[in-house]
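Hi,

Here is the structure I said I would pass on. Have a look at it first, then read my notes underneath.

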Amino acid sequence: MASFMSCSLRTSTSITERYLVASIHTSSSRSSPSRPRKSGPSAAPSRTKLVKDLKPKPESSGKLEVAPKPVREDEGPSANKKSRRRSRSSKSDEADIPPRPAFTRDSIPHAGIAPAREGLGRLLRKSSTETLKDMPPISTPSPALNLKHWAARAHAERTQRRVAERRRPRPAVNPLGDEFNASKLESTDQLPDRFTSPPLLEGLLTCLRETLPPDAKPTPIQALSLKHLFKPKVSDNAWRQYLLASETGSGKSMAYLLPVLQDLKNSDNDQRPPAQKRSMNPRALILAPTHELSRQLASFAKSLVHVSKLRVLCASRANLPSAPSKSTTASKMVTAFNDMGEREESPEFRVRHSGRPRPVDLLVGTPNKVLEMTRGRGWNWEERAKEKMEREAQEQGRDFVDEKTKRSFWTAEPEVGLAGIEWVVVDEADVLFDPDFQESTRMLLSDIALARGHSIPFEPNTDLAPANPETPPTPVKYPFNLLLTTATIPSSLASYLDNYHPDLTRLASPNLHHLPRSLKTEYVNWTGGNRNSDIESRIRRVWAEDSLRGTDGQIGLLSKVLVFCNRRSKVEDLAAFLEEKNIKNVALTGTADSRKRGSNHHLDGFLRTKTKALSVSGADSSTLSVVPKLSAESKDPKKTPHVMITTSLLSRGLDFSPDIKHVFIVDEPRNMIDFLHRAGRSGRAGEKGKVVIFGKMSGRGSALAKDVKTKVRALRA
Ligand SMILES: Nc1ncnc2c1ncn2[C@@H]1O[C@H](COP(=O)(O)OP(=O)(O)OP(=O)(O)O)[C@@H](O)[C@H]1O
């Protein structure tokens, strides 16, 4: 429970990006609660601004490699009919017809209004075509007509100003300013263009073929991984350090899982380092910021190893299948939870173990959950109790006296040994090295190093991104392979890498820091009435279009909508409103009870199932998806949730079902990093998707929405 309390505390103190991290901070314990928190405006920008350049410092031996831009479908020989027709018609336009002036609102002002003689309409029309000095002088002494004349003059002036503004040559400045510019970076053309055996082991390849569509080709980041991460180790102590950076839904999980699993399989029979006497001694560790993501990654890894027989364990309650079964619908899930609620006693979920050694090759979990398993449950409870007392003292305005708590705390036997760990993957590295998470992450990495016989001291209050360090921090070399993956690189992460991992190789896709190519954007203007009604009518429009067009080849099948709000109260309010309007929905926030139950069933019906794997390389996805037969009830949005409402909690890493064709952003995104992750829950793996951004698009108070629009435009691929 304490974790959820700490979570809500964080939420209340949050500003901008802090909120995101606070809301996804879900692990069952905090590592070092008494440290001073780096809040305030000075801490925020480096966490919320995308880095300008990924190049390592010139004096370091780190490298950067960017995959070449894939040829767009409509640029290559296989351009579809529509685009060919478009290009043909544009050519004929060029040849025969003089270019048509672009239509603007001002080109036919007040069209259709029949003006009185010398009336406002005529003057307005004149004013658009004539210059001000050509306008006829005032010919009548009538005050009414004078007024009209001046109105027309004012209109003409405005028009001229607008035209001049439009024609003014603009410097080619990206509105994001700090945006990562992949076009300036070195790319390589020699990348593998298929998954083959070798480099992949036959067993892995078989599972891969079952997971991906038959024509699947490696995505740019996977091609880079095939090129770099399958190379044999130069020496026993040559540990690899890589950053894998690519846009959302581009297959990063596969890009790191394949080399890790392959290496685990290859070294399966090797002499292992003496393991600690613990019941589980994994050889690889994947860290993720949320329990939901840990479970999905563990399930994905399991689907890749059933031939090679490696053992994967999820720390966020092991042994439960985290991927939803194909037949499960969201409504069943709701009922299941209602039942489970009464049986479940403890909000904390534990890995059940009997104390007997249990073979594990790969462990997946949040840093805090893994720390709990490696240090023993309860290792930091005293500290947390003190933090609570300190908080209460602060709230009551009294001094906090640091004395021993009245309760005595027990610490359970540690379950996991770290000495055998050779691979550590930090998924969503920008979050896990963010000030709110970095202590737990670094503490765990340092524990692993120590267990492997290399002491790398851990200093809790280190600033990972010192602005202008006079003495640069000592680089860290962990005695294991370290892979960091992310879809966004804020300046704080870039500066951490420069300072502590200067020799790390950075592999990046050319579309990094852009929206997936298959994702469209749409802007919806608030009508000025009830905003919840505006959202409801847009949802109904999505379904009306689905009923006409069909979804995934099935007429009458309605797509699902994922709605992102900034605040928990907004999530609850919208959920209640939609429920009243007969739209069944799932509302999920960091403190939701359903999250405490140790499985991903609260996301059933919304997460991707295996049958829905589609082609990133651009093949016609509708032919590849196997559409499960659904009952009438599960197709009915009044009975089965077709809408999920959440905060940034679910914006990280989760692979949502391609049934989610629309992501609604109903509150202005706090920053573009947040936006990229939220929008990226749709349009994954080359699937079509749309991000619908609500805002006040015109009139007074529209500056913010317009600014968002400009920035979003810059993120389009
Ligand atoms: N080469 C491929 N061809 C077709 N589909 C693929 C390929 N590689 C991965 N996929 C599918 O793409 C989907 C998205 O992959 P994944 O979740 O790894 O993306 P990601 O880059 O980690 O996204 P995020 O940044 O949001 O975490 C998965 O369903 C996966 O099965």
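Below is what I found, going from the whole chain down to single residues.

**The chain as a whole**

Before anything else, keep in mind that this is a predicted model. The protein chain holds 21 helices and 14 strands. Of its 717 residues, 42% are buried. If you take the contacts with a separation of 6 or more, 83% are between residues 24 or more positions apart.

**Two domains and where they touch**

The chain is divided into two domains, and neither is one unbroken stretch: domain 1 is 182-318 + 357-382 + 412-508, and domain 2 is 519-606 + 636-715. Going by C-alpha atoms, their centres are 31 Å apart. Where they meet, 19 residues of domain 1 are in contact with 17 residues of domain 2. On the domain 1 side, helix α10 (residues 291-305) gives the most, with 4 residues. That side is a mix by class, with 6 nonpolar, 7 polar and 6 charged residues.

Glu292 is a good residue to click on here, as it lies in helix α10. Is Glu292 buried or exposed? It counts as buried, because it has 26 C-beta neighbours inside 10 Å and the cut-off for buried is 20 or more. Leaving out residues up to four places away in sequence, Glu292 touches Asn600, Leu603, Leu650 and Leu654. If you want a distance to check on screen, Glu292 and Pro435 are 21 Å apart, C-alpha to C-alpha, with their positions 143 residues apart in sequence.

**Around the ligand**

Where does the ligand lie relative to the two domains? Domain 1 and domain 2 both give residues to the shell around the ligand, so it lies between them. There are 25 residues around the ligand, and the ones that come nearest are Ala216, Gly251, Lys252, Ser253 and Ala685. Helix α9 (residues 252-266) supplies the largest share of that shell, 3 residues. By class, the shell divides into 9 nonpolar, 12 polar and 4 charged residues.

**An enclosed strand**

Next, find strand β10 (residues 560-564). With 5 of its 5 residues buried, β10 is largely enclosed by the rest of the structure, which is why I picked it out. In a regular strand, side chains alternate between the two faces of the sheet. In β10, both faces are covered: Lys560, Leu562 and Phe564 are buried on one side, and Val561 and Val563 are buried on the other.

β10 has two parallel partners to look at. Strand β13 (residues 660-665) is joined to β10 by 5 bridges and runs parallel to it, with Phe564 opposite Ile665. Strand β12 (residues 643-646) is joined to β10 by 4 bridges, again in parallel, and there Leu562 stands opposite Met644.

**A helix and the glycine after it**

Helix α13 (residues 381-396) has 16 residues and reaches 22 Å from its first C-alpha to its last, close to the 22 Å expected at 1.5 Å a residue. Just after α13 comes Gly397, with a positive phi of about 70°.

**Some loop residues**

Two residues other than glycine also have a positive phi: Glu428, near 50°, and Asn582, at about 70°. Glu428 is in the loop between β6 (423-426) and α14 (429-432), while Asn582 is in the loop between α18 (568-580) and β11 (585-588). Their surroundings are worth a look too. Glu428 counts as buried, because it has 24 C-beta neighbours inside 10 Å. Asn582 is exposed, because there are 10 other C-beta atoms within 10 Å.

Last on my list is His501, which is found in the loop between α16 (491-500) and β8 (505-508). Despite being in a loop, His501 is buried, with 22 other C-beta atoms within 10 Å. Setting aside residues up to four places away in sequence, it touches Gln241, Pro475 and Val476. His501 and Ser61 are 440 residues apart along the chain, and their C-alpha atoms are separated by 10.0 Å.

If you only have a few minutes, start with the ligand, which lies between the two domains.

Cheers

Definitions and conventions
Residues are numbered from 1 along each chain as its sequence is written. This is a predicted model: local features need pLDDT of at least 70, side-chain atom pairs count only at pLDDT 80 or more; totals for chains, interfaces and linings use all residues. Domain bounds come from an automatic or database domain assignment. Two residues are in contact if their C-beta atoms, placed from the backbone, lie within 7 Å. Ala, Val, Leu, Ile, Met, Phe, Trp, Tyr, Cys and Pro count as nonpolar, Asp, Glu, Lys and Arg as charged, and the others, Gly among them, as polar. The expected span of a helix is 1.5 Å times one less than its number of residues. A residue is buried if 20 or more other C-beta atoms lie within 10 Å of its own, exposed if 12 or fewer, and partly exposed in between; C-beta atoms are placed from the backbone. A residue is near a molecule or strand if its C-beta atom, placed from the backbone, lies within 6 Å of it. Two strands pair if DSSP finds at least two bridges between them.
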